[in-house]
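Q: Please take a close look at one part of this model for me, the strands and the loops that join them. Keep it informal, but go residue by residue where that helps.

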Amino acid sequence: MGLFNNLGKKFEQLKQEAEASASEEATHACRTCETLLYTNHDACPECDSQDVVALKRD
Ligand SMILES: [Zn+2]
């Protein structure tokens, strides 16, 4: 029982780390549909909005 619980937790942790690192690498985002982008786009590839902004980095 405990083993399965641990595997489930580990999976959740890996999934969250993958999502966190993905958002760290994004350089731009669409403000209309909130898609994260990894290169500058004149228009969002997801929704064709031109409201693409550069993400600020600390
Ligand atoms: Zn969009």
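A: One definition before we start: two strands count as paired if DSSP finds at least two bridges between them. Also keep in mind that this is a predicted model.

With that cut-off in hand, take β1 and β2. They pair in the antiparallel sense, over two bridges, so they meet the requirement of at least two. To put a residue on it, look at A29: its bridge partner is L36 in β2.

Now zoom out to the whole sheet. It is an open one, made of three strands in the order β2-β1-β3, with antiparallel pairing. β2 and β3 stand at the edges with a single partner strand each, so one side of each has no neighbour in the sheet.

Next come the loops, and the zinc ion is a good way into them. Which residues hold the zinc ion? Its protein donors are the SG atoms of C30, C33, C44 and C47, lying 2.3 Å from the ion. Along the chain these donors follow the spacing C-x2-C-x10-C-x2-C. C33 belongs to the loop between β1 (28-30) and β2 (36-37), while C44 belongs to the loop between β2 and β3 (52-54), so this pair ties together parts that are 11 residues apart in sequence.

What is the geometry of the four donor atoms around the zinc ion? The angles they subtend run from 107 to 113 degrees, which makes the arrangement tetrahedral; the cut-off for that is all angles between 85 and 135 degrees.

C33 and C44 don't get the same label for accessibility, by the way. C33 counts as partly exposed, at 33% relative accessibility. C44 counts as buried, because its value is 2% and buried means under 20%.

Each of these two loops also has a backbone oddity worth clicking on. In the loop between β1 and β2, E34 has a positive phi of about 65 degrees although it is not a glycine. E34 is exposed, with 67% relative accessible area. In the loop between β2 and β3, D48 is another residue other than glycine with a positive phi, in this case near 70 degrees. D48 is exposed as well, with a relative accessible area of 60%.

There is a side-chain contact to add. The side chains of R31 and D51 meet in a salt bridge, 3.2 Å from N to O. This pair links distant parts of the chain, with R31 in the loop between β1 and β2, D51 in the loop between β2 and β3, and their positions 20 residues apart. R31 is exposed at 55% relative accessible area, whereas D51 is partly exposed at 30%.

Put the pieces together and the two loops are linked through C33 and C44 at the zinc ion, and again through the salt bridge of R31 and D51.

For context, the structure holds two salt bridges. Besides the loop pair, E12 and K15 meet in one (3.5 Å, N to O), but both of those residues lie in helix α1, three residues apart, about one turn of the helix.

Terms used. Residues are numbered from 1 along each chain as its sequence is written. This is a predicted model: local features need pLDDT of at least 70, side-chain atom pairs count only at pLDDT 80 or more; totals for chains, interfaces and linings use all residues. Side-chain values use heavy atoms; hydrogens and water are left out. Donors are N, O and S atoms within 2.8 Å of the metal (3.2 Å for Na, K and Ca); water is not among the atoms, so sites may look incomplete. Four donors count as tetrahedral if all angles lie between 85 and 135 degrees; four count as square planar and six as octahedral if opposite donors are over 155 degrees apart and all others between 65 and 115; anything else is irregular. Helices (H or I, at least four residues) and strands (E, at least two) are DSSP runs, numbered from the N terminus. Buried means under 20% relative accessible area, exposed over 50%, partly exposed in between (1.4 Å probe, protein chains only). A salt bridge is a side-chain nitrogen of Lys or Arg within 4 Å of a carboxyl oxygen of Asp or Glu.
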